[in-house]
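Please study the sequence and the model shown below before attempting the exercises. Each task is followed by a worked solution.

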Amino acid sequence: MFIINYLKEVFGAVKSLATGLRRTMYYFTHHKEIITQQYPDNRETLNFPERFKGEVVMPHDENNEHRCTGCTACELACPNGSLKVITQFNVTAEGKKKKAIDKLVYHLELCTMCNLCIVACPSDAIKMAQTFEHSVYDRSELTKILNKPGSKIMEGVE
Amino acid sequence: MWSFHNIANFVNDWLSQTFNPTLVTIIEMVIVGVCVIGLFAVLGLVLVIMERKVSAWIQIRLGPNRVGPKGMFQSLADTLKLLVKEGMTPSGADKFLFNLAPYIAMMVAMLLMAPLAFAKNFQMWDMNIGVLYITAISSVSVISVLIAGWSSNNKYSLMGAMRAGAQIVSYELSAGLSILSVIVLTGSLNINKIVLSQADGWWIFKGHIPVIIAFVIFIIAVTAETNRAPFDLAEAESELTAGFHTEYSGMKFALFFLAEYVNVFIVCAIGATLFLGGWMPFHIGNWQGFNHVMDFIPSSIWFFGKTFFLIFLIMWFRWTFPRLRIDQLLNLEWKYLLPISMFNILLITAMAIGGWYF
Amino acid sequence: MEGSTIIFYLLAALTLVSGILAVSTRQIFRAAIFLLFSLIGIAGLYFWMQFQFIAAVQIVVYVGGITVLIIFSIFLTQKAGEKMPKQKIGRQIFSALAAFCGFALVMVQVYQYTFSSNINEAVSPTVENIGNRMLSVGEGGFALPFEVVSMLLLAALVGCIVIAMRSPTETVNEEKTEILIEEEIDVIV
């Protein structure tokens, strides 16, 4: 029946609209749920959601050692070329040549924080940090070298 | 006792004793004009901050909170910014019409203020055809949108103006029909008589379900007529930058902005007058004691309270619902609102003839 | 000179000046807007005469309805901001002559007719009186003309639908208003 369908449609529409209105009224009357951060005022006590991605960093331990093998998986994974791995060959004690990184160059100005490099890394050498105050006066300062000077690869990481 | 009626009478008496009648009329007109402009300014400031706060709370945000206590002076600061901004006219525009459009929008809003009853016995012009006057004048407001859209010489503006035109012309019908339903019950177009007819209860309670349906249709139609979300196709920022006022800046933009908010106030005031009793306090039939207690609250507070309740309702809609597409918009009007309100008005006419209301 | 007379002359000046501008401007959209002001001036004259109902109806019908339709048709057919070509001098003279003849005809009629007041008491133009007159079938009632006009409007509506229909064989059974709306959407979107 046309008229019954018509009325059903009208009532269905009113009901769904009322559902939406009830939800927004709930938010309107529950001010405690506000998640806005008062940023410059609470700079010390800022807390981020776990998944917030600020920039790519390479964690080093207390012996100035990192886990990067220089496999260039992150460089290949990066969609806009913000990572550049510069490798060198170290001669080990047995006289073998071993591939290691010289520099891991990171262009923060190109990075979109897509997290693909972190996923691609086989040895968990890089991760996303939650820093976000990246403003600098010169663009060249945004080009960073992730491994610290004098650092070397951790024992046992292949 | 201080009431608007007494103050107006006092001013009138004093002026009549001091000056001759022609001068009194001129001075009173100037006073009324200044009061209306003042009311506009206050309404603009209050409604903008109200909208921003309501939207923030609905979206679990804080809203403006830097300027003044709790951000209450934010809209004042915005007005100051708009005042000192340069009002530019694009070179390809029709300069005369481009500069005329915001003033037409403003004048229409001002004219609409005339028959509103702000408090008991306090009205600028108690005319015989109040409600018809309001529907007539509000149909002029589309002209300013059309002029602005055309004279900007910009495709987005033109598109926005055409959408606004189609929208306002079609939603005027169901708004008119739902207004008509109250007129049928009251038997008068005079705003004062409509308010007085609700002395034993507001129409929304006296007329039960048909009047409630008319009220809902009225609210939907006036939301569309004032070009507010979910019917803001005319200025849909994600599609048309800003629609008909894309090219406007500075004070000319501010006039459009102000006219929009004043129009919201006016349509809500009309809704409050027709369905919620205007300045009439909350009365229930013959409960003399209860009615008497309610009368202690001044009538202006009742009027503004009801109006701001309806404004809140419209803001609530705006920040809850997504925008409609143009075909959905026209479908809603021609396939749903108009048939329902036509059937509804038949029902209400039968009700009025049979006397089936309280 | 009374204040009311001054207001009359102001309204008359608005009506006449914008009427002249409407026919003399070369931008078609401006012509529509000046026509609008002219019609508003006439509505103002009705307000001045205290015929508030007629004034409101004038605004609803002419300003809210007809002018918006005119503006819409300009939107759909003309390019923005283009001036129309200047008319030939012969045409200008001819149209001025035609306008003058019409004016002269009206003025002759007005001067020949002896306006006699107080023949019968004027009906006060309240909505109740207008409504009763409009629908009464007795002496001085307008029920028949009213219904005839409604028939005329119906004929116009049917004509519009027939013109707006895409092809008569294809969409006869469909709801007719829907077609109209679809046309409108096609144009607007």
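The exercises below concern a predicted model and treat its domains, its nonpolar cores and its chain interfaces in turn.

**Exercise 1. Domains of chain A**

Task: State into which domains chain A is divided, and how far apart their C-alpha centres lie.

Solution.
Step 1. Chain A has two assigned parts: domain 1 covers residues 2-33, and domain 2 covers residues 55-151.
Step 2. Between the C-alpha centres of domain 1 of chain A and domain 2 of chain A the distance is 51 Å.

**Exercise 2. The nonpolar cores**

Task: Identify the residues that touch the most other members of the largest nonpolar core, and the helix that supplies the largest share of this core.

Solution.
Step 1. The largest nonpolar core holds 119 residues, and those touching the most other members are B:M113, B:F265, B:F275 and C:F29.
Step 2. Helix α12 of chain B (residues 250-275) supplies the largest share of this core, 15 residues.
Step 3. Another core, of 19 residues, lies apart from it and includes A:V56, A:L83, A:L108 and A:C117.
Step 4. As for B:F265, its contacts beyond four places in sequence are B:L43, B:L47, B:M113, B:F118, B:F303, B:F304, B:T307, B:F308 and B:I311.

**Exercise 3. The interface of chain A and chain B**

Task: Describe the contact between chain A and chain B by its residues, its buried area and its salt bridges.

Solution.
Step 1. Chain A brings 17 residues into contact with 18 residues of chain B.
Step 2. The buried area is about 1,700 Å², and carbon and sulfur atoms give 71% of it.
Step 3. On the side of chain A, the residues losing the most area to chain B are A:Y6, A:L21 and A:F28, which together account for 33% of what that side buries.
Step 4. The rule finds 1 salt bridge across this interface. B:R66 forms a salt bridge with A:D41, with the closest N and O atoms 3.5 Å apart.
Step 5. There are also 6 residue pairs in polar contact across the interface of chain A and chain B, both residues at pLDDT 80 or more.

**Exercise 4. The interface of chain C and chain B**

Task: Describe the contact between chain C and chain B, and name the element of chain C that gives the most residues to it.

Solution.
Step 1. The contact involves 37 residues from chain C and 36 residues from chain B.
Step 2. About 3,100 Å² is buried between chain C and chain B, with 81% given by carbon and sulfur atoms.
Step 3. The count of salt bridges here is 0, and the count of residue pairs in polar contact, both at pLDDT 80 or more, is 0.
Step 4. On the side of chain C, the elements giving two or more residues are α2 (28-48), α3 (52-77), α5 (127-135) and α7 (176-188).
Step 5. The most comes from α3(C), with 15 residues.

Note on methods. Residues are numbered from 1 along each chain as its sequence is written. Chains are lettered from A and ligands numbered from 1 in the order in which they are written. This is a predicted model: local features need pLDDT of at least 70, side-chain atom pairs count only at pLDDT 80 or more; totals for chains, interfaces and linings use all residues. Side-chain values use heavy atoms; hydrogens and water are left out. Domain bounds come from an automatic or database domain assignment. A nonpolar core is a set of buried Ala, Val, Leu, Ile, Met, Phe, Trp, Tyr and Cys residues joined through side-chain atoms within 4.5 Å. Buried means under 20% relative accessible area, exposed over 50%, partly exposed in between (1.4 Å probe, protein chains only). Helices (H or I, at least four residues) and strands (E, at least two) are DSSP runs, numbered from the N terminus. Contact means heavy atoms within 4.5 Å. Buried area is the accessible area (1.4 Å probe) that two parts lose on being put together, summed over both. A salt bridge is a side-chain nitrogen of Lys or Arg within 4 Å of a carboxyl oxygen of Asp or Glu. A polar contact is a pair of N or O atoms within 3.5 Å; within protein, one must be able to donate a hydrogen and the other to accept it, and residues adjacent in sequence count only if both atoms are side-chain atoms.
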